[in-house]
Amino acid sequence: MTVVLDSRKDFTLENLRRVSVTGESVLISPGAKKAIKRSRQSFMAYLDSDRTQFIYGTTSEAGQGASKRINPEQQRQLARSRSRVRPGGGFGLEYVPERVVRMIIFARLANYIEGNAKARPIEAQRIASMLDRPLPKLPLSGQVGAGEILPLAHVMNFLPEGETEEGEWMARINGSPVSSALLCDVALTARGHLSLATQIFALSVDAYAAPLTPYSASLVRYARNPHEKRALRNLRWWFKTSSHHGRIAHQAPVSWRILPAVLGAVEEAVAIAEETASISLSSVTDNPVYILPTQSEPLGRAISTGGYHNAQAAPAIDDINARFADLCTLADRHTMKLHSADHLPANLADPKGDGWGTGLLSFLQVGYGEEARHAARRSFLPPSEGGGIAGQNDVASPSMFAYQKHTRARFCLEASLALLASSASQAFWVTNRKPSARLVPILECVRDYVPPLTSTVGRDMGNELHALQQYFQALPLSN
């Protein structure tokens, strides 16, 4: 199938998912092509009306040469000389997922679809065609600079060849489509990770035989925070057929009772990320940005802006990272308590086995939790200037850095949930119990990767747990 783009209203998270995850192509509608062409004609009329006016990168040089005006012939020559985007210089061992590169290309088209890029329709078609060609590899490291020219240079270097005209070359590498794409990826996957975490923690509640009173329907009525209310409902769903029989008579540890509040906080962070991502994805971001013609300005207007800097992306990603770290902490506590509870066998050891049990999983949780907390540190504006010798570029964007930390926080959460799920599975095994009927499928899935442990001989727990983590990693994008 193909995603048809007619206006900026078509830049939705659902269409983004279709393009990035499902791998669909993009078609620019005939109506959009006409709008882009009309905008290009009005921009050229605006430019020709006074070629001495300041239009960054069109009637002037770019970067440190912004103060240098150039004559009409030099303007045309500048445009032709920049028809090929120079490759980016960042490098490293890790790369942005291919789906995110597709998101960047998709987000770049938001500037073009209604004519704000002041470019010809052929330019928009060139960008759209990249989704049907081999994609560049974008390093995670070395991309923090003023604006998003560094990562965009990696991506746009793979544009099909073709000459550019006045005002077009800057539209390729200015704006903030990278921040939009990174935030969109976090928003799309974080919802799935929250659903997975809710399910695994519900499994832990049953494995510990914890009372269900902290998740009572009465609390849904009393909850004032809508996010906590939703989290409580989602958690309760897994206990629909659960029995109150055989549970401990006293209250469970704090880490079990605060699940609705903590999951509610994650719910809020995810909701904010989704809203911010939706807004960013469909926004016009460029420098200079072309304001479309109006009755008072029939030729439109080109304005220098800070549209290459998305100030909302990094904080929204940071908030998700922090909430993931909190979930890792709860997973650590649950894992520890499952192995040391008075009403469960010590270390969840099978009496018929070698007596070691799965106590090792408690040790492993600590490291992943610490990594997640390090990854959750706030991403401030970098204190050093972000443009080297180009004196005007004195502030860098931290979005890529926040996303780089997110990839680690996301992995750590998946690893922590894999350890907790395996511990819960072992608890059911050694006590010969079953969870709520709705939790049986996830328990069986966990055991496909990490079977219950009767003996440590001949078992490579690391490989088994890694396979389960990889399965958890794929889940948010498969739904």
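Colleague: Before we count anything, what counts as a helix or a strand here?

Modeller: Keep in mind that we're looking at a predicted model. Both are DSSP runs, numbered from the N terminus. A helix needs at least four residues in state H or I, and a strand needs at least two in state E.

Colleague: OK, so how many helices and strands are there in the protein chain?

Modeller: Go through the protein chain with that rule in hand. You end up with 17 helices and 4 strands.

Colleague: What share of the residues counts as buried?

Modeller: Buried means under 20% relative accessible area. The protein chain has 479 residues to sort this way. The share that counts as buried is 55%.

Colleague: Is Ala265 buried or exposed?

Modeller: First find Ala265 in helix α12, which covers residues 259-281. The cut-off for buried is under 20% relative accessible area. Ala265 has 16% relative accessibility, so Ala265 counts as buried.

Colleague: And how far apart in space are Ala265 and Leu5?

Modeller: In sequence, 260 residues separate Ala265 and Leu5. In space we go from C-alpha to C-alpha, and that gives 35 Å.

Colleague: Which element gives the largest share of the lining of the second largest pocket?

Modeller: That pocket holds about 310 Å³ of space and is lined by 15 residues, with Pro97, Thr407, Arg410, Phe411 and Gln473 nearest its centre. The elements giving two or more residues to this lining are α8 (177-208), α15 (399-431) and α17 (461-478). With 6 residues, the largest share comes from α15.

Colleague: What about closed spaces: what volume does the largest cavity have?

Modeller: The structure holds 4 cavities of 30 Å³ or more. Residues lining the largest cavity include Gln143, Glu148, Pro151 and Met400. Its volume is about 60 Å³.

Colleague: Which helices each supply at least two residues of that cavity's lining?

Modeller: Val178, Ser179, Ser399 and Met400 are among the lining residues of the largest cavity. The elements that each supply at least two residues are α8 and α15.

Colleague: Now the charges: how far apart do the centres of the positive and negative sets lie?

Modeller: Lys and Arg count as positive, Asp and Glu as negative. The protein chain has 52 positive and 44 negative side chains. The centres of these two sets lie apart by 4 Å.

Colleague: Last one: what percentage of the exposed area do carbon and sulfur atoms supply?

Modeller: The protein chain exposes about 20800 Å². Of that area, carbon and sulfur atoms supply 54%.

Notes:
Residues are numbered from 1 along each chain as its sequence is written. This is a predicted model: local features need pLDDT of at least 70, side-chain atom pairs count only at pLDDT 80 or more; totals for chains, interfaces and linings use all residues. Side-chain values use heavy atoms; hydrogens and water are left out. Buried means under 20% relative accessible area, exposed over 50%, partly exposed in between (1.4 Å probe, protein chains only). Accessible areas come from the Shrake-Rupley method with a 1.4 Å probe; for residues, only the protein chains shown count as cover. The place of a charge is taken as NZ of Lys, CZ of Arg, CG of Asp or CD of Glu. On a 1 Å grid over the protein atoms alone, a cavity is a set of points where a 1.4 Å probe fits but cannot get out, and a pocket is an open set with protein on both sides within 12 Å along at least five of seven lines; lining residues have an atom within 4 Å of a point. Grid points are joined across faces, edges and corners, and a volume is the space filled by probe spheres set on the points.
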